[in-house]
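User: Please take a close look at the pairing of charged side chains in this model. Start with whichever spot links several of them, then work outward to the neighbouring themes.

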Amino acid sequence: MVDHMEDSLDTGSPGVSDIPHLRHRYSVPDVPEDVDDDVLLHFNDPNWDFQANSSTISISTDGVGNKRWSKTSSNLGASTDVDTESHVSSWPPVRDSKADFSFSNEATQVQDSPYPEVRAAVANTDDPTMPVNTFRVWFIGLLFAMILPAFNTVILFRSPFVLINILLIQLVALPFGKFLEWALPKHRVSAFGYSFTLNPGPFNIKEHTLIAIMANVVVDASPVTDVSAAMRIVYGVRWPVGKQFFLGITVQLFGFSIAGALRPFLVWPGSMIWPGVLVRCALLNTMHSNYGKKETKHISRERFLYIAFACSFLWYWIPGYLWTGLSVFNWVCWIAPNNVVVNSLFGTISGLGMGILTLDWAAVTEIGSPLVVPWWAQLNMIGGFLVVIWFICPILWAKNVFFSQFMPISVPLAFDNTGAPYNLSAIVTNSTFDLAKYEQYSPMFLPITYAVTYGTIFAGYPAVIVHTFLWYRHDISRQFRRTLKDEIDIHAYLMRKYSETPHWVFNTLGVICFVLGVIGIEVCHTGLPVWAFVVSIILAIIFVLPIGIIQAITNQQISFVVMAELLVGYVLPGRPVATMVFKTMAGSTISQAVSFSSDLKFGHYMKIPPRLMFSGQVIASIVSVITAILAQEWALDNIPDICTPHQKSRFTCPTITTFNNSSVIWGAIGPKRFFSPGALYYPLVWFFLIGALLPIPFYYLARRYPRSRWRYVNIPVVLAAPNMVPPANGMNFGSWILVGCFFQWFMRRFHFRWWMRYNYLLSTGLDAGVIVGLVVIFFTLQMPRGGINVNWWGNDVWKNTADAQMTPLKIVPPGQIFGPSTWS
């Protein structure tokens, strides 16, 4: 039997013709009962739990043909209605490498993913005959590609704003598709020698998935619009639409060309589980597998999802509108509203949030859904937060390090030497940095949490490189020589049926984007040399894989923007426009590459033909760049007084202001005045060395004690958590870890079947309810006629505190300053 199974998977055989069109689950597919005792096979895979006890079939090879076979239960699968009372986490190893990056060519394919998170959200079946390339897909997908970036681009000019989220799009797309299923004619149409039908039958899950992928690549609009808007608003330079298009396509699609090269590392391996993608998979599988059906044994997944959605939507009206005090919930500050120390420690506006709780799901998920992030990653994050924000920062603040007592302890603002928010216009003449004005005005000072988190950001970049080298260097080198046919993960196995997009297609796209980028930076007169543009691409290529691995296994994003700003500020000082373009090129290329990789994994899980997925993503991206640019031009031309402080409809452009201020800080004032020897914040530069050294001892401790918890210590994740502060604080982290402990540890351990059936759906329902609640409140109560407010104690008590008023511990007397008496 083993030989027969191996022969059917031999990559040297005809291969794909032997793959069945439909693979059906065994009778009990999603709750295994024991795990193989082979530690080193999964040493560098923290999502693999060695303590799990499961009963399954494990077939692997040792690399020289000696097969290991252990057989226990033959029921590998389907959920039952009885909770397991033991912690069940994952299946045993099925290949010969240390990590789940790769598999032996002779290893035997298994019936399902070894990760319960994946089994809970993704079906291990496929129907290659299901129509995907349909008129409905292109009609709905391109419609979203036009509407979403246009809406989100314009609404970003407003304060407050709310963006259309991909989960909302997935919810809307199903009834839209069902409507077209009902409305479109079913007869075939012939044109240019081809015959097709507008309505091939029921609207199916693969169509829904491809629409969601097309929408997700455009939901954040086009990053180049931030640069062009800042140029027009701040510098008075209007870029023609055509010139914007050159830069827009480069920023939007260069990351996609890199994502193609990342497929062997981030998409095909089973260990790259992408927790955030699993939520989207769970939503689609639930919406389609239960559409119009009833379950009698227990509450159906579809009904559970809608109940969670309804409860979240209704509840959000309380903390989101009727009683906003439950959202910020700085309840200790209500008791002592004028005590600055109490407000600094327990406040949630400008404090450290030691009150821990919030009753607003939007505030809980500000740092990510606690129902999605793995429990081991949550412990890393809360550990980093507690050490840096609740231990180190209060000590430094108490000692007045960096003059921190003259500023609020935790706000995302810079201050001058009088304690007032820093006025960038006071150091600019004709949109350029004026050194004489700077010397007359003030150096820039940062609140203690803001300053220290710059240090953790600095530490994070070398840490992610060192961590990736130590843990994944052998796997990465192997993957350069591997193809999809070398993967034995069930989903990679099923995807062999479809032709992969060749690497040369992605490479060609990259060359085209590079040429357009060179043309764009020249015709737009950005001041960015071509060599600097090349450097931005090289940096993106170096950092994208480590950053992608961290997000694929933890769902935590690491931004490259600060490093890009720091580097360009040193090499191109005094060029704020070049700073904007450089950080957009480097930062957005990485974020786009990781985002595209997550969408490729989404399509991989849902069995979408890769070439069709490539076409959908590229076409949707091109359309989104055009519509985003045109929508922004319309807004800037037609909304009266846009981007002025007192615009009557609140189109004050807060995101553009922040984006430009950052370019002025790094491109004009420059990092030399912050971090060079002798500068106030020079000690933070040592964090680069700290970040490079920290992963090393934990790696060797894990090697020495492979069954210990040392293998779960992930220094890049530890360092990433403090970077969210400010604006996040202890209220967000405290509530987040409490919810995560209950669902990702307690429910997963003691009620595993419930967790597998409902956990990701609960996350989706709660998120979707908040999103819809935000949209409804925004458009019905906040946006019309300047807003409709509910004035009472519950909405005012949190505002009347030292926390909300951002009161520092020390007040600078009128006419005096703090800090150095001279600066330059």
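Analyst: Happy to. The residues Arg232, Arg238, Glu633 and Asp637 are linked in a network of salt bridges (a salt bridge being a side-chain nitrogen of Lys or Arg within 4 Å of a carboxyl oxygen of Asp or Glu). This is a predicted model, in which local features need pLDDT of at least 70 and side-chain atom pairs count only at pLDDT 80 or more, while totals for chains, interfaces and linings use all residues. Numbering runs from 1 along each chain as its sequence is written, and side-chain values use heavy atoms, with hydrogens and water left out.

Inside that network, aspartate 637 pairs with arginine 232, and their closest N and O atoms are 2.3 Å apart. Distant parts of the chain meet through this pair: aspartate 637 belongs to helix H22 and arginine 232 to helix H6 (residues 224-233), 405 residues apart. Helices here are DSSP runs of H or I with at least four residues, strands are E runs of at least two, and both are numbered from the N terminus. Aspartate 637 counts as partly exposed because its relative accessibility is 41%; the scale is buried under 20% relative accessible area, exposed over 50% and partly exposed in between, with a 1.4 Å probe and protein chains only.

Some background helps: side chains of opposite charge can pair when their charged atoms come close. The structure holds eleven salt bridges. One of them joins arginine 136 to glutamate 207, with 2.8 Å between the closest N and O atoms. This pair also links distant parts of the chain, with arginine 136 in helix H3 and glutamate 207 in helix H5 (residues 205-216), 71 residues apart. Both arginine 136 and glutamate 207 are buried.

Arginine 136 leads us to glycine 141, which sits in helix H3 (residues 135-155). With residues up to four places away in sequence set aside, glycine 141 touches Arg136, Ile211 and Met214, a contact being heavy atoms within 4.5 Å. Glycine 141 has a relative accessible area of 0%, so this residue is buried. Its C-alpha atom is 7.8 Å from that of leucine 210, although the two residues are 69 apart along the chain.

Another salt bridge connects arginine 263 and glutamate 500, whose closest N and O atoms are 2.7 Å apart. Here too distant parts of the chain are linked: arginine 263 is in helix H7 (residues 241-267), and glutamate 500 is in the loop between helix H17 (490-495) and helix H18 (503-523), 237 residues apart. Arginine 263 is buried, as its relative accessible area is 3%.

Now to a covalent link. The structure holds one disulfide, meaning a pair of cysteine sulfur atoms within 2.5 Å. The bond is formed by cysteine 643 and cysteine 653, with their sulfur atoms 1.7 Å apart. Its torsion about the S-S bond is about -75°, so the disulfide is left-handed. Both cysteine 643 and cysteine 653 lie in the loop between helix H22 (610-638) and H23, so the pair ties together parts that are ten residues apart in sequence. Both of these cysteines are buried. Elsewhere, cysteine 393 is buried because its relative accessible area is 0%, whereas cysteine 741 is partly exposed because its value is 28%.

Helix H23 (residues 654-669) includes proline 654. With 24% relative accessibility, proline 654 therefore counts as partly exposed. Proline 654 and threonine 644 are ten residues apart in sequence, and their C-alpha atoms are 9.9 Å apart.

In helix H21 (residues 576-606) we find serine 588. This serine touches Pro223, Val251 and Lys583, leaving aside residues up to four places away in sequence. Serine 588 counts as buried because its relative accessibility is 11%.

For a contrast in topic, look at the hairpin. Strand E3 (residues 188-191) and strand E4 (residues 194-197) run antiparallel and are joined by four bridges; strands pair if DSSP finds at least two bridges between them. Serine 190 has serine 195 in E4 as its bridge partner. The hairpin has two residues between its strands, and phenylalanine 192 takes a positive phi near 55° there.

Finally, the wider setting. The protein has 30 helices and six strands, and 58% of its 824 residues count as buried. Of the contacts between residues at least 6 apart in sequence, 80% join residues at least 24 apart.
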